[in-house]
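Subject: Structure for you to look at

Hi there,

Here is the structure I promised to hand over. Please have it open while you read, as my notes follow right below.

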Amino acid sequence: MNQLVTATTQGNDYKFWHALSHPNEWITQEPLRIVRGDGVFVWDDKGHKMLDGFAGLWCVNVGHNRPEVKEAISKQMDEISYYQLFAGVSHPRAEELSNRLIKMTEQEDMARVIYGTGGSDGVESALKIARQYWILKGQPQRTHFISLKNAYHGVSLGGTSLNGMPVFKMNYGPLLDNCSQIETPWLYRNPWNCEEPEELAKLVIDQLERDILYHGAENIAGFIAEPVQGAGGIIVPPATFWPSLRKICDKYDILLIADEVVTGFGRTGSMFGVRGWGVKPDIMVLAKALTSGYVPLSATLFNKKIEEAFYSNDDHKGLLMHGYTYGGHPLGCAAALAVLDIVEKENLPENAEKMGGYLLTELKKLVDRYNIIGEVRGKGLMIALDLVNDKLTREPIDLDTNITARLAEACREAGAVIRPVGTKLCIAPPLIIDKDGCDLLVNAVKYAFDKIKK
Ligand SMILES: Cc1ncc(COP(=O)(O)O)c(C=O)c1O
């Protein structure tokens, strides 16, 4: 038997460790082994066809197996598979893509791109360049970053320091010193029990202002947040939150960093999450959907103000000693250019808004039908079912019951992959999904809850 056959037929006989779990969990359990994809569907190694209700890992927005993307990658390989972008070296696809991204974000005043290979190193670029910006502006003491509880900004030490969930940090300290977190504007669960959106946004902004003043505005480099929190449980802030964030960052001259790793390119129903909130950040981090996951790539975008700080300086302070070997990889850039053609041609942000609205309405009907669904919430094609012990107190379901994993497994039996995240079930299918696909997802969720009888 050759190695490949062994690896694909004998359960857990492989040597890599899975992210976000204890390695011991997977010694005896079979993983979900996905071997094929086409459009919104994937197949496991037993030939079972399922709707990919999480777009891989919130990334395959244009769907699997798109000939246009495969052709672009293949054509690029015929030209050249790899070249770099360090000092004075370039390749055409990186140039074309950077021009296209800056054109696409004209509305947000973006001016320059630094490429990376994924969300975590995209965030790292944002943090390092934010600090360098303040050195260039003659305020090197501005090193502190503020983020939100429940935030997720990846797994580098920078992102880990800014993550809002303690579980991501507990085994990796000491982390960056100069970081603090404020409450997240979450209507369903917040310390004030506030259910009025504008009031909640104000409470959080007031807390932010207190945090800024406590640490000293003159020491704050930037504030970072996701336009809609993803990994934290799909938390949609009140509509006034981001505009208020912009105002307070302006008041204290703080850089506003939008982590658009999940929300970029249409997922929330607008091309970018911040555009949906009508806000121009100073830095935007894009990854995942940029290539629809076909090839790893991230792009961190910086606005004109930051560009100007670099161009108006000629000494070592402006030296950009940052960049990744595979940042702007030609295959990634070629894939991204083909993906962006599809996103624009098929108007995927609009489809995300329409299909997301339909899916949300249908799934909300399940709140009255099952005791443990406390709330269904979302924006565009980012939807969470929040599971509770008690609908009145909103106490989250007991994690020890392993219920989200059992529900996700039952969904798979019914033909849909959805993602259990702590006490939530998260749904984020490819943005090309149609109404039949949404119905399939809803029916799979119903099947799962009926089966588990909750
Ligand atoms: C908002 C956000 N930022 C950053 C990251 C990190 O991205 P990556 O896993 O590609 O490093 C993620 C990943 O899910 C994310 O959701």
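Let me begin with a turn: G47 has a positive phi near 85° in the hairpin of β2 and β3, where four residues lie between the strands. Please keep in mind that this is a predicted model.

**The open sheet**

The strands of that hairpin, β2 and β3, run antiparallel and are paired over three bridges. Across this pairing, V42 faces M50 in β3. On the other side of the hairpin story is β1, which is joined to β2 by four bridges, again in the antiparallel sense. Here R36 has W43 in β2 as its bridge partner. The hairpin of β1 and β2 has two residues between the strands, and its G39 takes a positive phi near 60°.

Put together, these strands belong to an open sheet of four, in the order β1-β2-β3-β14, and the pairing is mixed. Its edges are β1 (34–38) and β14 (416–417), each of which pairs on one side only. The parallel part comes from β3 (residues 49–52) and β14, which pair over two bridges. If you want a spot to click on, D52 stands opposite V417 in β14.

**Another hairpin**

Strands β11 and β12 (residues 382–390) are also worth a look: they pair in the antiparallel sense over six bridges. K379 sits opposite M382 in β12. Two residues separate the strands in this hairpin, and G380 adopts a positive phi near 60°. How much of β11 is covered? Strand β11 (residues 373–379) is mostly covered, with five of its seven residues buried.

**Salt bridges**

You may like this part for your charge assignments. The model has a count of 30 salt bridges. One of them joins the side chains of E30 and K46, at 3.7 Å from N to O. E30 is in the loop between α1 (3–9) and β1, while K46 is in the loop between β2 (41–44) and β3, so this contact ties together parts that are 16 residues apart in sequence. As for cover, E30 counts as partly exposed because its relative accessibility is 41%, which falls between the 20% and 50% cut-offs. K46, with a relative accessible area of 63%, is exposed. Both residues also belong to a network of salt bridges that links E30, R33, D45 and K46.

A second pair is D341 and R100, whose closest N and O atoms are 2.8 Å apart. This one links distant parts of the chain, with D341 in helix α11 (residues 330–345) and R100 in helix α4 (residues 92–104), 241 residues apart. Are its two partners buried or exposed? D341 counts as partly exposed at 39% relative accessibility, whereas R100 is buried, with a relative accessible area of 18%. The R100 call follows because buried means under 20%.

The side chains of E362 and K365 also meet in a salt bridge, at 2.9 Å from N to O.

**A patch of negative charge**

Finally, take a look at the surface around D390, E395, D398 and D400, which gather in a patch of negative charge. Of these, D400 is found in the loop between β13 (395–396) and α13 (403–413). D400 counts as exposed because its relative accessibility is 72%, and the cut-off for exposed is over 50%.

Happy exploring, and all the best!

Key: Residues are numbered from 1 along each chain as its sequence is written. This is a predicted model: local features need pLDDT of at least 70, side-chain atom pairs count only at pLDDT 80 or more; totals for chains, interfaces and linings use all residues. Side-chain values use heavy atoms; hydrogens and water are left out. Patches are made of residues with over 30% relative accessible area and no salt bridge: like charges are joined within 9 Å, nonpolar side chains (Val, Leu, Ile, Met, Phe, Trp, Tyr) within 5 Å. Accessible areas come from the Shrake-Rupley method with a 1.4 Å probe; for residues, only the protein chains shown count as cover. A salt bridge is a side-chain nitrogen of Lys or Arg within 4 Å of a carboxyl oxygen of Asp or Glu. Lys and Arg count as positive and Asp and Glu as negative; His and the chain ends are not counted. The place of a charge is taken as NZ of Lys, CZ of Arg, CG of Asp or CD of Glu. Buried means under 20% relative accessible area, exposed over 50%, partly exposed in between (1.4 Å probe, protein chains only). Two strands pair if DSSP finds at least two bridges between them.
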